[in-house]
Amino acid sequence: MDRTLLERYDKRVPRYTSYPTAPHFHPGIDAAVYESWLAAMAEGTPLSLYFHVPFCHEMCWYCGCHTKIVRRYQPVGDYAATMADEVTLIGGLLEARPPVTHMHWGGGTPTILSAEDLEHLMSKIRTGFNVVPDAEIAVEMDPRTMTEDRVQALARAGVNRASLGVQDFNEKVQKAINRIQPYEMTAQVVDWLRAAGIEAINFDLMYGLPHQTVEDVQRTVDLAAKMRPDRVAVFGYAHVPWMKTHMKMIPDESLPDAWQRFEQAEAAAERLAERGYRRIGLDHYALETDSMTEVLDQGRLRRNFQGYTTDEARALIGFGASSIGALPQGYVQNAVPLRAWAKAVHDGRPAVDKGIALSDEDRLRRDVIERLMCDMAVDLSAEAARYGKTADNFRSEIEMLEPMIADGIATIDGDRISITEPGRPLMRAVCALFDTYLDTGVGRHSQAV
Ligand code: SF4
């Protein structure tokens, strides 16, 4: 990769955690449509559940999540009570009792919930849904707010995967993002988790942060690798102060430029490879012993709203304000404002206020983009055949791919497209060729690298 190539292809494109992407959701998909989709779910459809807890103690300046800062517990407790009602409500709308194989708690900071509220919610979930005994139950956590008691409460509630926000271990970067989290603090939480039997551990790291250098990234990776998390995600900071006003606390001039971001991302990748982590898709890394490496080798890796996943369920139900769900018929999103979400639940109806129904053409393009994001390769004929179509469906995309092939980013062999190793950082730009919604100018996305 050289600077000219990066400049040519490093455009603002979606992260493709769904297709079509969230800016294209519209109010035509409402609670009534969602109810009909839920009622049609088949008995054997494996199901995932996502719980969004939009509260934190303090704002990190880089944060791109839907969250709110709280000083008291009461709003959190009220939210947990409403979410328990939402679990009962949605469970009651399912005519079948599909097996729940994955559960993910995100936010915000889901571990802000008290042990009692978490236990109560878990028991509601197990009553309303058919959670299988070996379901993966993953929770995102902020190490700054964890205690040993809290870790033990999570283990008692059945949590078996922990995802720790780390970002960068260097103090100057931590100060610039308003997140002071020394190495020792993170290491302590990892020890507590393992002692409590929560063995599966993910770390989230970031590049492209204010005042961050390649050396900072390398040092962070070295310290992170010492704790041997099973998976590491390395995300690029997306500076969108026009959407998230707290990002204005990060001065533009403190940020690395596109080429420095690229160098940081590659430095993290190299260092992680040296420490025994396999590179997966755009931004994930896993130990050879981890299930994500296994599913990658089997061509079964998936991508959903949490990023790369081993979760094969095609149905995901979201709970909580702003949460997104994915059903075979399409995507839905709950109301973002807490009040609107709570009012809908108290009125006894799903809080969905937008979404999008999928056509077969959308499903085909979703599958093509997902394979490119996961396997860096896709057989257009095979994918098209599953929808009664042929690779001719993509003639114009194949033409648009030609400059990328000439630039060494992708190759084509018959109807099989592959992204090259040097092209890996630009995989979103390749996927964007297959995105027929992109030209409509809705939403602004982050840079490809
Ligand atoms: S802890 Fe996470 S969700 Fe909360 S403000 Fe920081 S980055 Fe955002």
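Strands, as the term is used here, are DSSP runs of E of at least two residues, and helices are runs of H or I of at least four, both numbered from the N terminus. In these terms, Ser322 is placed in the loop between strand S13 (315-319) and strand S14 (324-327). The model is predicted, and the description below moves from this loop to the strands beside it, then to the overall fold, the domains and the ligand shell.

Ser322 has a positive phi, near 75°, although the residue is not glycine. Its surroundings are intermediate: Ser322 has 19 other C-beta atoms within 10 Å and is therefore partly exposed, since the buried class begins at 20. Strand S14, which follows this loop, is covered on both faces. Ile324 and Ala326 are buried on one side, and Gly325 and Leu327 are buried on the other. This arrangement can be read against the general rule that side chains in a regular strand alternate between the two faces of the sheet.

S14 pairs with strand S15 (residues 330-334) in the antiparallel sense, over 4 bridges. The two strands are joined by a hairpin through 2 residues, and Ala326 stands opposite Tyr331 of S15. Gln333 also belongs to strand S15. Gln333 counts as buried because 21 C-beta neighbours lie inside 10 Å. When residues up to four places away in sequence are left out, Gln333 touches Ala22, Phe25, Ser322, Ile324, Val352, Lys354 and Gly355. The contacts of Gln333 thus include Ser322, the loop residue with positive phi, because its C-beta atom lies within 7 Å. Gln333 and Gly64 are separated by 269 residues in sequence and by 17 Å in space, C-alpha to C-alpha.

A second antiparallel pair is formed by strand S18 (residues 410-413) and strand S19 (residues 416-419), which are joined by 4 bridges. Ile412 stands opposite Ile417 in S19. The hairpin of S18 and S19 has 2 residues between the strands, and Gly414 in this hairpin takes a positive phi near 65°.

Over the whole chain, the secondary structure amounts to 15 helices and 19 strands. The radius of gyration is 21 Å, which agrees with the value near 22 Å for a compact globule of 449 residues. The C-alpha trace spans about 60 × 55 × 40 Å along the principal axes of the protein. Of the 449 residues, 46% are buried. Among contacts between residues at least 6 apart in sequence, 73% join residues at least 24 apart.

The domain assignment divides the protein into domain 1 (21-342 + 344-356) and domain 2 (359-440). The C-alpha centres of the two domains lie 28 Å apart. Their contact takes 10 residues from domain 1 and 8 residues from domain 2. On the side of domain 1 that touches domain 2, helix H9 (258-274) and strand S11 (302-304) are the elements that give two or more residues. By class, this side of domain 1 has 5 nonpolar, 3 polar and 2 charged residues.

The ligand is surrounded by Cys56, Met59, Cys60, Cys63, Cys65, Thr67, Gly107, Gly108, Thr109, Asp142 and Gly165. This shell divides into 5 nonpolar, 5 polar and 1 charged residues. Two members of the shell, Gly107 and Gly108, are joined by a cis peptide bond with omega about 15°. Gly108 lies in the loop between strand S4 (99-107) and helix H4 (115-128).

Another cis peptide bond runs from Tyr19 to Pro20, with omega near -10°. Pro20 is part of the loop between helix H1 (3-9) and helix H2 (31-39).

A positive phi in a residue other than glycine is also found at Arg228, where the value is near 55°. Arg228 lies in the loop between helix H8 (214-226) and strand S8 (231-236). With 13 C-beta neighbours inside 10 Å, Arg228 counts as partly exposed, because the exposed class extends to 12 or fewer.

Note on methods. Residues are numbered from 1 along each chain as its sequence is written. This is a predicted model: local features need pLDDT of at least 70, side-chain atom pairs count only at pLDDT 80 or more; totals for chains, interfaces and linings use all residues. A residue is near a molecule or strand if its C-beta atom, placed from the backbone, lies within 6 Å of it. Ala, Val, Leu, Ile, Met, Phe, Trp, Tyr, Cys and Pro count as nonpolar, Asp, Glu, Lys and Arg as charged, and the others, Gly among them, as polar. Two strands pair if DSSP finds at least two bridges between them. The radius of gyration is taken over C-alpha atoms; the globule rule is 2.2 Å times the number of residues to the power 0.38. Two residues are in contact if their C-beta atoms, placed from the backbone, lie within 7 Å. Domain bounds come from an automatic or database domain assignment.
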